[in-house]
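What follows is a walk through one chain, from its overall make-up to its strand pairing and its charged side-chain pairs.

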Amino acid sequence: MSAAPLVGYSSSGSEDEDEAEAGAQARPGTGGCRRTQSPLPSQRLPVPDSVLHMFLDTEEEPEDDREKHGGRVRTFPHERGNWATHVYVPYETGEEFLDLLDMLLPHAQTYVPRLVQMEAFHLSLSQSVVLRHHWILPFVQALKDRMATFPRFFFTANRVKIYTNQEKTRTFVGLEVTSGHAQFLDLVSEVDRVMEEFDLTTFYQDPSFHVSLAWCVGDARLPLEGRCLRELQLG
């Protein structure tokens, strides 16, 4: 989500000061006036339309244009000052992985043409959560402190599997981890402890670690599972 924008604060005190200054400018010069002379009544100057409408855009709720992000549906409403966050391990692709992707994706698209390739590849270690802006730095530091001494390990992801998000608004074709599962559980345990410190949702009880290859909007499990999945697995 975007950071909280600069907003104009409505201050009755500042308005009173502006009106007082405007009134003083509207009076005639006081150099030749006696103290007993009554000043002319002050008049409020009209406020330009450009000022009246200056901060309207910052007070309106942001428009959720699904066409700008592939038709994806928000899992929770946007709120200024909140940042959608999740913890993951980035996956750096190699030639063999890309060759496999070039073979699997076109075949899956014969069953669900709207499938599109992921822009980046990763393995999730948390659900999507909402962070307040002032939590970001301590949250990242807490993760660094817990992960700093975690040893490196190897894993294998070679089983094709179909996934959906909890709301069934998106479907994914992924490669499930078949070795290294225990090490990923240990990583999630550390991430969950940080989540608990910030009173955030922890990860799933029985996670299926995977690298998503492609996605589409909606629940497309029916056409992808069964025959399509068997053919993808054999491929």
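In this predicted model, K161 is partly exposed, with a relative accessible area of 32%. Its partner in a salt bridge is E176, and the closest N and O atoms of the two are 3.5 Å apart. K161 belongs to strand β6 (residues 156-164) and E176 to strand β7, so the pair ties together parts that are 15 residues apart in sequence. E176 has a relative accessible area of 11%; the cut-off for buried is under 20%, so E176 is buried. The salt bridge therefore has a buried acid and a partly exposed base.

That pair sits within a chain of 235 residues, 27% of which are buried. The chain holds 8 helices and 8 strands. Its accessible surface comes to about 16,400 Å², and carbon and sulfur atoms account for 52% of that area. Among contacts between residues at least 6 apart in sequence, 79% join residues at least 24 apart.

Strand β7, where E176 lies, spans residues 170-179 and is joined to β8 by 7 bridges, the two strands running antiparallel. Within this pairing, F172 stands opposite W215 of β8. Strand β8 also pairs with β3 (residues 116-117), again in the antiparallel sense, over 2 bridges. Here V116 stands opposite W215. W215 thus has F172 opposite it in one pairing and V116 opposite it in the other. How much of β8 is covered? Strand β8 covers residues 210-217, and 6 of its 8 residues are buried. As a general point, side chains in a regular strand alternate between the two faces of the sheet.

Another buried polar residue is found in strand β1 (residues 82-85), where N82 lies. At 9% relative accessibility, N82 counts as buried. The side chain of N82 makes a polar contact with the side chain of R132, at 2.3 Å.

The remaining charged pairs can be read alongside the first. Side chains of opposite charge can pair when their charged atoms come close. By the rule used here, the count comes to 6 salt bridges. One of them is formed by the side chains of E197 and R146, at 3.7 Å from N to O. Because E197 lies in helix α6 (residues 181-197) and R146 in helix α5 (residues 136-147), this pair ties together parts that are 51 residues apart in sequence. Are these two side chains buried or exposed? E197 is exposed, at a relative accessible area of 51%, whereas R146 is partly exposed, at 27%.

A further salt bridge lies in a single helix. The side chains of E231 and R227 meet at 2.9 Å, N to O. Both residues are in helix α8 (residues 227-234), and being 4 residues apart, they are separated by about one helical turn. E231 counts as partly exposed, at 25% relative accessibility, while R227 is exposed, with a relative accessible area of 56%. Elsewhere, salt bridges that share partners join R146, E190 and E197 into one network. The pair between helices α5 and α6 is thus tied to E190 as well.

Notes: Residues numbered from 1 in each chain as written. Predicted model: local features only at pLDDT ≥ 70, side-chain atom pairs only at ≥ 80, totals over all residues. Heavy atoms only, no water. Buried < 20%, exposed > 50% of the residue type's maximum accessible area, 1.4 Å probe, protein only. Contact = heavy atoms within 4.5 Å. Areas by Shrake-Rupley, 256 points an atom, 1.4 Å probe, with all protein chains shown as cover. Pairing = 2+ DSSP bridges. Polar contact = N/O pair within 3.5 Å; in protein donor to acceptor, adjacent residues only side chain to side chain. Salt bridge = Lys/Arg side-chain N within 4 Å of Asp/Glu carboxyl O.
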